[in-house]
Structure formats: C-alpha cells, structure tokens
Amino acid sequence: MLIREATAGDWPHIWPIWHRIVAAGETYAWDPDTSEEDARALWMNPAKRVYVAEDDGTVVASAYVTPNYGGPAAGIANAGFMVDPDRAGRGTGRALAEHVLAAAAADGYRGMVFNAVVETNPAVRLWTSLGFTVLGTVPDAFDHPRHGRVGLHVMYRAL
C-alpha cells in the first residue's frame, strides 16, 4: 500500500468513498445530503494536508490533518479519516492512521484531537489502540440511523 499526499486529481477517487460514508449517516456529523462541490470544499480545503492510501493504484482511503484551533493553540491537530467500506478490517485504516500521526508530529503538532467520534463507530477501537483517550462524551448528540441517539466522543492523543 502506498500512502502519499493527495493531489487535486485524486478528488474523483476520494468522492465515492466520502459520499458512501457520509450518506450512510453513521460515522460523520456532516449532512448526508452534502453535494460533491461542498464535500470537496470540506475535505480538500487548502488549510488541510490531505493524504490518500492506494492499493495497486486504486485510492482506497483518505485522511486530512489541519490545526484544530488557531493562535497559541495551533499546535493541536484535528484529522478526518475515511476508508472504503469494502476495505474494512484489512489494516488500511491503521496504516493510514500511523502514517498521518507520524506526519503530524513531524509537522510540529503536539497532539491530535477528534471533536466528534460517534461512540458506536468501530474506529473507536482503532483510536484507543493507537493511544487516544476519550476525554468526554456529549450524550445523545448524534441521530444514528440504526441505534437512535448516541453520544459523540471527544478523543485526544499527545504526539
């Protein structure tokens, strides 16, 4: 698997993954009806460093890193990760996460925070195995299509 920085030409390969995950409404607090144009602006924003993971030349996952805060707190990163659901359980998310965490540390970030991890998201196990802790949970904050109202975790890890 090759993990590299994304280019503008990668968006057509990221979009189907992004759309499938967000439209499912189970793991991201973004509108499931987000247009492709708005999704591109969210994910490929110039303030973000965007990555893709390729397997045999096919984009199978993407992630971004951006400052979570500004000014004196700009040393804390935020990130988003999306793995093609057909690749679940194959180590793609872990490999991408390890790469992004190392890159964020090399870029000078001191820590990474996730602001809204749906508590039923299977990725919670991945994040905790990589050293993230749940700082708190906003109860009943997310309307899950299968589980009803569930909490959103705020998770953190020092880099």
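Below, a biologist asks and a modeller answers about one predicted model.

Biologist: What feature does UniProt place at residues 1–159?

Modeller: The name comes from the record, not from the atoms. The UniProt entry is unreviewed. For residues 1–159 it gives "domain: N-acetyltransferase".

Biologist: How many helices and strands does the chain have?

Modeller: Read the elements from the N terminus on. They run β-α-α-β-β-β-α-β-α-β-β. The totals for the chain are 4 helices and 7 strands.

Biologist: How much of the span 1–159 is helix, and how much is strand?

Modeller: The end C-alpha atoms of residues 1–159 lie 24 Å apart. Now take the make-up of that span. It is 28% helix and 38% strand.

Biologist: Why does the chain count as compact as a globular protein of that length?

Modeller: The C-alpha trace spans about 40 × 35 × 30 Å along its principal axes. For 159 residues, the globule rule gives 15 Å. The chain is as compact as a globular protein of that length because its radius of gyration is close to that value, at 15 Å.

Biologist: What share of contacts joins residues at least 24 apart?

Modeller: Count contacts between residues at least 6 apart in sequence. Then pick out those that join residues at least 24 apart. Their share is 61%.

Biologist: What share of the accessible surface belongs to carbon and sulfur atoms?

Modeller: Buried residues make up 43% of the 159 residues. The accessible surface of the chain comes to about 7,900 Å². Of that surface, the carbon and sulfur share is 52%.

Biologist: How far apart are the centres of the positive and negative side chains?

Modeller: The chain has 13 positive side chains and 18 negative ones. Each set has a centre. The two centres lie apart by 6 Å.

Biologist: Is T92 buried or exposed?

Modeller: T92 sits in helix α3, residues 92–106. Its contacts beyond four places in sequence are M1, V60, A61, V83 and R87. Buried means under 20% relative accessible area. T92 has 1%, so it is buried.

Biologist: Where does T133 lie, and is it buried or partly exposed?

Modeller: T133 belongs to strand β6, residues 133–144. Partly exposed means between the 20% and 50% cut-offs. T133 has 42% relative accessibility, so it counts as partly exposed.

Biologist: Which residues does T133 touch, leaving out those up to four places away in sequence?

Modeller: Start with Y156. T133 and Y156 are 23 residues apart in sequence, but their C-alpha atoms are 5.5 Å apart in space. With sequence neighbours up to four places away left out, T133 touches V154, M155 and Y156.

Notes
Residues numbered from 1 in each chain as written. Predicted model: local features only at pLDDT ≥ 70, side-chain atom pairs only at ≥ 80, totals over all residues. Heavy atoms only, no water. UniProt positions renumbered as here; feature names shortened; annotations may be inferred. Helix = DSSP H or I, 4+ residues; strand = E, 2+ residues; numbered from the N terminus. Rg over C-alpha atoms; globule rule 2.2 N^0.38 Å. Buried < 20%, exposed > 50% of the residue type's maximum accessible area, 1.4 Å probe, protein only. Contact = heavy atoms within 4.5 Å. Areas by Shrake-Rupley, 256 points an atom, 1.4 Å probe, with all protein chains shown as cover. Lys, Arg positive; Asp, Glu negative; His and termini not counted. Charge placed at Lys NZ, Arg CZ, Asp CG, Glu CD.
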